[in-house]
There are 2 protein chains.
Amino acid sequence: MNDATAPRPRMTKQRAAVLDALDQGGFRSAQSWHDLLRHDGSNIGLATVYRTLQALSESGDVDSVVTEGGETLYRRCETPEVHHHHLRCRVCGAAEDIDIPDLEEVSARIGAEHGFIELEHVVELTGVCSSCAAKAQH
Amino acid sequence: MNDATAPRPRMTKQRAAVLDALDQGGFRSAQSWHDLLRHDGSNIGLATVYRTLQALSESGDVDSVVTEGGETLYRRCETPEVHHHHLRCRVCGAAEDIDIPDLEEVSARIGAEHGFIELEHVVELTGVCSSCAAKAQH
DNA sequence: GTCATAATGAGAATCATTGTCAATTGCGGT
DNA sequence: ACCGCAATTGACAATGATTCTCATTATGAC
Ligand SMILES: [Zn+2]
Ligand SMILES: [Zn+2]
Ligand SMILES: [Zn+2]
Ligand SMILES: [Zn+2]
């Protein structure tokens, strides 16, 4: 069930830099994280940022969501061990981990009713946060 | 709240062809619908298929979902007037309209609790349907 | 039929993401 | 500390879905 083929990741300075940058919090695209890293003096390559974020995403250390525009956003996840969902502001990108009661059970039940197995679900709540809403008032 | 700037779409033969093709049912990518149309003798352009499907999607006449690979899939929606969700087979693409009890209210409540407005949600259930699961058994 | 203009199609352009591959480097073994 | 080599990196090419451009065509109101 778990991977005996687990390749332990090397601690390179680029990996460390990404990990460090992620501490700033917030959802950003791979390119945005890359920009941020370069502005901080790193000469890390874009492909490396992509690779590192993907690796971290697969290992469950970062969350990823997809915007309407098809961009994938990443951020360090505070609670890697628990499956959860997000409420994200479409304007400023601020996001919070949320719990949607019964969702897991309900989706499992619906899947079962239709004879589906290996159920997965994608749930994303988006909106405009109060501070962005305030700014929008001219 | 509604659009006084509603441009009524012209009934061109390509729009009719797309509408006709959609009757075959099922989720397909724009490119896939385009292939299908060409195989049926149409000389419709790919860009037109994209434009038409997007227009139909915005007017609520077709559903669209995004695959893991980032492709957008479209299909004629049976129940355009009601907001609903889908349970889709990741193997064969078969999909059914489903109802997730209380989801609308729960998401609205969660949004409100966090001070968010203009809430929207994306919910997609995927799995492997019974017939695909059967085939998977060697 | 005329006409304004929405719609089309071929191909170029975008843009996020992935692949290539030679050069580099972490790190286990010595 | 020193080797050796596979994992990792970075510059850049390549991809692949989607969008844009613009000259040409065709819809629908009058
Ligand atoms: Zn999270
Ligand atoms: Zn905001
Ligand atoms: Zn539907
Ligand atoms: Zn199936």
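**Close-up views of the predicted model**

**Lining of the second largest pocket in chain A.** The second largest pocket is lined by A:P9, A:R15, A:A55, A:L56, A:E58, A:S59 and A:D61. The model shown in this and every other view is predicted. The pocket holds about 150 Å³ of space. Helix α3 (residues 46-58) of chain A supplies three lining residues, the largest share from any element. By character, the lining comprises three nonpolar residues, one polar residue and three charged residues. In general, empty space of this kind is revealed by rolling a probe the size of a water molecule over the atoms.

**Helix α1 of chain A around A:A16.** A:A16 belongs to helix α1, which covers residues 13-22 of chain A. Is A:A16 buried, partly exposed or exposed? Its relative accessible area is 32%, so A:A16 counts as partly exposed. The view also includes A:L56, one of the residues that line the second largest pocket. Along the chain, A:A16 and A:L56 are 40 residues apart, and their C-alpha atoms are separated by 12 Å.

**The zinc site in chain B.** Three residues coordinate the zinc ion (ligand 3): B:D63 through OD, B:H84 through NE2 and B:H86 through NE2. The coordination distances are 2.0 to 2.4 Å. The donor residues follow the spacing D-x20-H-x1-H in sequence. Because B:D63 lies in strand β2 (residues 62-66) of chain B and B:H86 in strand β4 (residues 85-89) of chain B, this pair ties together parts that are 23 residues apart in sequence. B:D63 and B:H86 are both buried. For a site such as this, it should be kept in mind that water is not among the atoms, so the set of donors may look incomplete.

**The relation between chains A and B.** In general, two copies of a chain are related by a rotation about an axis and a shift along it. Here, chain A is superposed on chain B by a rotation of 180° with 0.0 Å of shift along the axis, at an RMSD of 0.2 Å. This is therefore the relation of a two-fold axis. Which residue of chain A comes closest to the rotation axis? That residue is A:V123, whose C-alpha atom lies 2.3 Å from the axis. Both copies use the same surface, since 97% of the contact residues of chain A recur in chain B.

**The fold of chain A.** Chain A contains five helices and six strands. Their order from the N terminus is α-β-α-α-β-β-β-β-α-β-α. Taken along the principal axes, the C-alpha atoms of this chain fill a box of roughly 55 × 55 × 25 Å. Of the 138 residues in chain A, 36% are buried. Where contacts in chain A join residues at least 6 apart in sequence, 40% of them join residues at least 24 apart.

**A positive phi in strand β6 of each chain.** Most residues other than glycine have a negative phi. A:E118, which is not a glycine, has a positive phi of about 50°. This residue lies in strand β6 (residues 117-128) of chain A, and its relative accessibility of 54% places A:E118 among exposed residues. For B:E118, phi is likewise positive, near 50°. B:E118 occurs in strand β6 (residues 117-128) of chain B and counts as exposed at 54% relative accessibility.

**The loop of chain B at B:V91.** B:V91 occupies the loop between β4 and β5 (95-98) of chain B. With a relative accessibility of 57%, B:V91 counts as exposed. When neighbours within four places in sequence are set aside, B:V91 is in contact with B:V128 and B:C132. The view further contains B:G127, which is 36 residues from B:V91 in sequence and 8.2 Å from it in space, C-alpha to C-alpha.

**Helix α2 of chain B around B:L36.** B:L36 is part of helix α2 (residues 30-39) of chain B. Its relative accessibility is 10%, below the 20% limit, so B:L36 counts as buried. Beyond its neighbours within four places in sequence, B:L36 makes contact with B:A21, B:Q24 and B:R28. B:C89 is 53 residues away from B:L36 along the chain, and the C-alpha atoms of the two are separated by 21 Å.

Technical notes:
Residues are numbered from 1 along each chain as its sequence is written. Chains are lettered from A and ligands numbered from 1 in the order in which they are written. This is a predicted model: local features need pLDDT of at least 70, side-chain atom pairs count only at pLDDT 80 or more; totals for chains, interfaces and linings use all residues. Side-chain values use heavy atoms; hydrogens and water are left out. On a 1 Å grid over the protein atoms alone, a cavity is a set of points where a 1.4 Å probe fits but cannot get out, and a pocket is an open set with protein on both sides within 12 Å along at least five of seven lines; lining residues have an atom within 4 Å of a point. Grid points are joined across faces, edges and corners, and a volume is the space filled by probe spheres set on the points. Helices (H or I, at least four residues) and strands (E, at least two) are DSSP runs, numbered from the N terminus. Ala, Val, Leu, Ile, Met, Phe, Trp, Tyr, Cys and Pro count as nonpolar, Asp, Glu, Lys and Arg as charged, and the others, Gly among them, as polar. Donors are N, O and S atoms within 2.8 Å of the metal (3.2 Å for Na, K and Ca); water is not among the atoms, so sites may look incomplete. Buried means under 20% relative accessible area, exposed over 50%, partly exposed in between (1.4 Å probe, protein chains only). Copies are superposed by least squares on the C-alpha atoms of residues with pLDDT of at least 70 in both. Contact means heavy atoms within 4.5 Å.
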